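Biologist: I would like to understand the labels attached to this model. Could you take me through the reasoning behind them?

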Amino acid sequence: MKSYFIFRYFTPVLLMIGWVLYQLVIKRKKWGDVLGDAMVCGVFAAVWAVIVYWLSS
């Protein structure tokens, strides 16, 4: 059950962070170009954390 919880609730956030890191490291974009994506990832992670907290309690 714990691995299911990790897969279901942490994978979307990790994939979004991975996407930002991919753009920075592999595509060699500058931070200014990726800043919008990083902010969206941060907002998504915060909203996702609230939803997970709400669903698990």
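Modeller: Happily; what follows is a short conversation about how each label is reached, and please keep in mind that the model is predicted.

Biologist: Let's start with helix H2. How do you know that its span agrees with its number of residues?

Modeller: H2 covers residues 31–56, which is 26 residues. The expected span is 1.5 Å times one less than the number of residues, so H2 should span 38 Å. The C-alpha atoms at its ends are 35 Å apart, and that agrees.

Biologist: Where is the kink in H2 centred, and how many degrees is it?

Modeller: The kink is centred on Asp-37 and amounts to about 30 degrees.

Biologist: And what about the bend in H1?

Modeller: H1, residues 2–25, bends by about 45 degrees at Phe-10. A proline, Pro-12, follows within four residues of that bend.

Biologist: Pro-12 interests me. Why is Pro-12 called partly exposed?

Modeller: Its relative accessibility is 24%. Buried means under 20% and exposed means over 50%, so Pro-12, at 24%, counts as partly exposed. Pro-12 lies in helix H1, and beyond its neighbours within four places in sequence it is in contact with Phe-7, Phe-44 and Trp-48. Its C-alpha atom is 16 Å from that of Leu-55, 43 residues away in sequence.

Biologist: What makes Gln-23 a buried residue?

Modeller: Gln-23 has a relative accessible area of 2%, and the cut-off for buried is under 20%, so Gln-23 is buried. Gln-23 is found in helix H1. Leaving aside neighbours within four places in sequence, Gln-23 touches Arg-28, Lys-29, Val-34 and Asp-37.

Biologist: Which other residues of H1 are buried, and what covers them?

Modeller: Tyr-9, Val-13 and Val-20 are buried in H1 along with Gln-23, and the cover includes H2. On the H2 side, Val-34, Cys-41 and Val-52 are the buried residues, and what covers them includes H1.

Biologist: Now the loop between H1 and H2, where Arg-28 is found. Why does Arg-28 count as exposed?

Modeller: Exposed means over 50%, and Arg-28 has 68% relative accessibility, so it counts as exposed.

Biologist: What is the phi of Arg-28?

Modeller: Arg-28 has a positive phi of about 55 degrees, although it is not a glycine. For background, most residues other than glycine have a negative phi.

Biologist: Why is Val-47 placed in the middle class of accessibility?

Modeller: Val-47, found in helix H2, has 44% relative accessibility. That value is neither under 20% nor over 50%, so Val-47 is partly exposed.

Biologist: What makes Val-47 eligible for a surface patch, and which residues join it there?

Modeller: Patch residues need over 30% relative accessible area, and Val-47 has 44%. The nonpolar patch on the surface is formed by Val-43, Val-47, Ile-51, Trp-54 and Leu-55, with about 520 Å² of accessible area together.

Biologist: How do you know which class Arg-8 and Leu-21 belong to?

Modeller: The class in between runs from 20% to 50%. Arg-8 is at 44%, so it counts as partly exposed; Leu-21 is at 48%, so it counts as partly exposed too. Arg-8 has its place in helix H1, and Leu-21 is also found in H1.

Biologist: How far apart in space are Arg-8 and Val-52, and what of Leu-21 and Phe-5?

Modeller: Arg-8 and Val-52 are 44 residues apart along the chain, with 9.8 Å between their C-alpha atoms. Leu-21 and Phe-5 are 16 residues apart in sequence, and their C-alpha atoms are 24 Å apart in space.

Note on methods:
Residues numbered from 1 in each chain as written. Predicted model: local features only at pLDDT ≥ 70, side-chain atom pairs only at ≥ 80, totals over all residues. Heavy atoms only, no water. Helix = DSSP H or I, 4+ residues; strand = E, 2+ residues; numbered from the N terminus. Bend = angle between axes of the 7 residues up to and from the residue. Buried < 20%, exposed > 50% of the residue type's maximum accessible area, 1.4 Å probe, protein only. Contact = heavy atoms within 4.5 Å. Patch = residues over 30% accessible without salt bridge, like charges linked within 9 Å, V, L, I, M, F, W, Y side chains within 5 Å. Areas by Shrake-Rupley, 256 points an atom, 1.4 Å probe, with all protein chains shown as cover. Salt bridge = Lys/Arg side-chain N within 4 Å of Asp/Glu carboxyl O.
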